[in-house]
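Work through the exercises below with the sequence and the 3D structure open. Try each task before reading its solution.

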Amino acid sequence: MKLILIRFLIGGISVSTFALLGDLFKPKSFAGLFGAAPSVALATLALSVIVEGKDNAATQSTSMMLSCVALFCYSSCLSWTMMHRPMRTIWATILFLPVWAVVSFGLWAMLLR
Amino acid sequence: MLVKVDATRVKETRWHEFAVRFLLGGFITAFAGIIGHKYGASMGGLFLAFPAIFPASATLIDKHEKEKKERAGLNGHGRARQLVSVDAAGTAIGSIGLFAFALVIHETIRDHNTWLVIGGATTVWAGVSVLAWYLRKRTRSSFKRAWFARFHGGP
């Protein structure tokens, strides 16, 4: 429980910091780079090395590469849809989350299971 | 357009909007840890590139742009959608940098100092992301110039 709380705090600080950095920059396409910042990864990998060892962190980074491909697909679909279809932002961002899940878990099942 | 630092949007952001990002970020980090503990590191690693705060950030962009246009007596729906689209395109480019980050960690963490590897991987993320953003911008500009010259008889 204590470890979960530590993860929560470090993750919250890391994600907020990168989001704040993203808010500072113009143009929007450049600020968008911070949407793919390694905020969750930094907090998780650092704690994994301390608690579970380096092999655990290396294994996590392997599957992280696959979910990066999924993140690319998710944000590309979202970008195209928001430019070409009159859709509400909140619904579009949630509606495409299954794209991330399908690509991510699909690649994991094909390559790492 | 050159990259500029502009604190206006930070000033427009309310404390509860910061709190939402903090909570979502904390939640997904804790969740990734729980999944990793229960189903193995390989499965937990997938959540390290989960678009955790993207819905919250995109909604903020949308809301702030609409408010800005409404203050000027305009309808900001279209412009807000365009900005979210451009922001998402930036995130797609950033995911190339994030892939490079994960690759550096994967290749070097076993044999080198942890903090050096994490610092180096973060630098690689920033470098690759900015380079990819710059290359895309340059390619798009040349494509636009070529298209304009072809159809409008430019230089």
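**Exercise 1.** Decide whether A:Val15 is buried or exposed.

Solution. Start with the rule: a residue is buried if 20 or more other C-beta atoms, placed from the backbone, lie within 10 Å of its own, exposed if 12 or fewer, and partly exposed in between. A:Val15 has 27 C-beta neighbours inside 10 Å, so A:Val15 counts as buried. Next, place the residue: A:Val15 is in helix α1 (residues 2-24) of chain A. Helices here are DSSP runs of H or I with at least four residues, strands are runs of E with at least two, and both are numbered from the N terminus.

The model is predicted: local features need pLDDT of at least 70, side-chain atom pairs count only at pLDDT 80 or more, and totals for chains, interfaces and linings use all residues. Residues are numbered from 1 along each chain as its sequence is written, while chains are lettered from A and ligands numbered from 1 in the order in which they are written.

**Exercise 2.** Which residues does A:Val15 touch, not counting residues up to four places away in sequence?

Solution. Two residues are in contact if their C-beta atoms lie within 7 Å. In chain A, the residues touched by A:Val15 are A:Ser39 and A:Val40. In chain B, they are B:Arg21, B:Leu24, B:Gly25, B:Ala52 and B:Ile53.

**Exercise 3.** How many residues of chain A are in contact with chain B, and which element gives the largest share?

Solution. The contact joins 70 residues of chain A to 71 residues of chain B. On the chain A side, α4(A) provides the largest share, 25 residues. That side divides into 42 nonpolar, 22 polar and six charged residues. Here Ala, Val, Leu, Ile, Met, Phe, Trp, Tyr, Cys and Pro count as nonpolar, Asp, Glu, Lys and Arg as charged, and the others, Gly among them, as polar.

**Exercise 4.** Find which element gives the most to the largest nonpolar core.

Solution. A nonpolar core is a set of buried Ala, Val, Leu, Ile, Met, Phe, Trp, Tyr and Cys residues joined through C-beta atoms within 7 Å. The largest one has 68 residues, and those with the most contacts inside it include A:Val40, A:Leu71 and B:Leu98. The element that gives the most to this core is α5(B), with 16 residues. For A:Leu71, contacts beyond four places in sequence include A:Trp100 and B:Leu98.
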